[in-house]
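Here are some short exercises to work through with the model open beside you. Try each task before you read its solution.

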Amino acid sequence: MEQEELIQSVNIELALELPGRLSLSELKEQLTQYINHLINTDFEKLIFYLYRIDVHEAKMKQLLQAHEGENAAALIAQLII
């Protein structure tokens, strides 16, 4: 998937309005910030989005456990990407 298509897909699935031309690191940073926001303000919405884009709960739990103490939002953003 091309990067612009990826950004467009992320915008659609997560109801965001990210610019179409972001580097991969900029996309990850933007997603990390948004996921942190959802973790702190609307965790149910985050769970809904993850279910909607088919991020498997078991895979996410395994990743978070393997990287305990690291930024959970950044790890989730990487799974989404």
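**Exercise 1. Decide whether Tyr49 is buried or exposed, then describe its aromatic partnership.**

Solution. This is a predicted model, so treat every value below as computed from it.
- Start with Tyr49: its relative accessible area is 7%. The cut-off for buried is under 20%, so Tyr49 is buried.
- Now look at Phe48, which has a relative accessible area of 45%. That value falls between the limits of 20% and 50%, so Phe48 is partly exposed.
- Next, the rings. The structure holds one aromatic pair, and it is formed by Phe48 and Tyr49. Their ring centres are 5.9 Å apart and the planes sit at 50 degrees.
- Stacked needs under 30 degrees and edge-to-face needs over 60, so this pair is tilted.

**Exercise 2. Work out how α2 and α3 are packed, and which residues meet there.**

Solution. Two packed helices are described by the angle between their axes and the distance between the axes.
- Here the angle is about 130 degrees and the axes of α2 and α3 are 6 Å apart.
- Roughly perpendicular stops at 115 degrees and roughly antiparallel starts over 145, so α2 is oblique to α3.
- On the α2 side you'll find Tyr34, Ile35, Leu38, Ile39 and Thr41. Facing them from α3 are Phe43, Lys45, Leu46 and Tyr49.
- Sort the contact by class and you get seven nonpolar residues, one polar and one charged.

**Exercise 3. Find the residues with the most contacts inside the largest nonpolar core, and say which helix gives the most to it.**

Solution. In soluble globular proteins, nonpolar side chains tend to be buried together.
- The largest nonpolar core has 21 residues. Inside it, Val10, Leu14, Leu31 and Ile80 have the most contacts.
- Helices α1, α2 (24-41), α3 (43-52) and α5 (72-80) each supply at least two of the core residues. The top contributor is α2, with five.
- Take Ile80 and skip its neighbours within four places in sequence: Ile80 is in contact with Val10, Leu14, Leu31, Ile35, Leu50, Ile53 and Val55.

**Exercise 4. Compare the surroundings of Thr32 and Gln33, both in α2.**

Solution. Take the two residues in turn.
- Thr32 has a relative accessible area of 6%, so it's buried.
- Leaving out residues within four places in sequence, Thr32 is in contact with Asn71, Ala73, Ala74 and Ala77.
- Gln33 has a relative accessible area of 46%, so Gln33 is partly exposed.
- Measure from Gln33 to Ala74, C-alpha to C-alpha, and you get 8.3 Å, although they are 41 residues apart in sequence.

**Exercise 5. Place Asn11 and Glu17, and say what Asn11 touches.**

Solution. Start in the helix and move on to the loop.
- Asn11 is in helix α1, which covers residues 3-14. With 15% relative accessibility, Asn11 counts as buried.
- Setting aside residues up to four places away in sequence, Asn11 touches Leu16, Glu17 and Leu18.
- Glu17 lies in the loop between α1 and α2. Its relative accessible area is 79%, so Glu17 is exposed.
- From Glu17 back to Ile7 is ten residues along the chain, and their C-alpha atoms are separated by 9.1 Å.
- For another distance, try Asn11 and Ala58: 47 residues apart in sequence, and 25 Å apart C-alpha to C-alpha.

**Exercise 6. Where do Ala15 and Asp54 lie, and what is the sign of phi at each?**

Solution. Most residues other than glycine have a negative phi.
- Ala15 isn't a glycine, yet its phi is positive, about 55 degrees. You'll find Ala15 in the loop between α1 and α2.
- With a relative accessible area of 58%, Ala15 is exposed.
- Asp54 isn't a glycine either, and has a positive phi of about 65 degrees. Its place is the loop between α3 and α4 (57-66).
- At 52% relative accessibility, Asp54 passes the limit of over 50%, so Asp54 counts as exposed.

Key
Residues numbered from 1 in each chain as written. Predicted model: local features only at pLDDT ≥ 70, side-chain atom pairs only at ≥ 80, totals over all residues. Heavy atoms only, no water. Helix = DSSP H or I, 4+ residues; strand = E, 2+ residues; numbered from the N terminus. Buried < 20%, exposed > 50% of the residue type's maximum accessible area, 1.4 Å probe, protein only. Contact = heavy atoms within 4.5 Å. Core = buried A, V, L, I, M, F, W, Y, C linked by side-chain atoms within 4.5 Å. Phe/Tyr/Trp six-rings, centres within 6.5 Å; stacked < 30°, edge-to-face > 60°. Axes fitted to C-alpha atoms, helices over the stretch in contact; angles between N-to-C directions. Parallel < 35°, antiparallel > 145°, perpendicular 65-115°, else oblique. Nonpolar A, V, L, I, M, F, W, Y, C, P; charged D, E, K, R; others polar.
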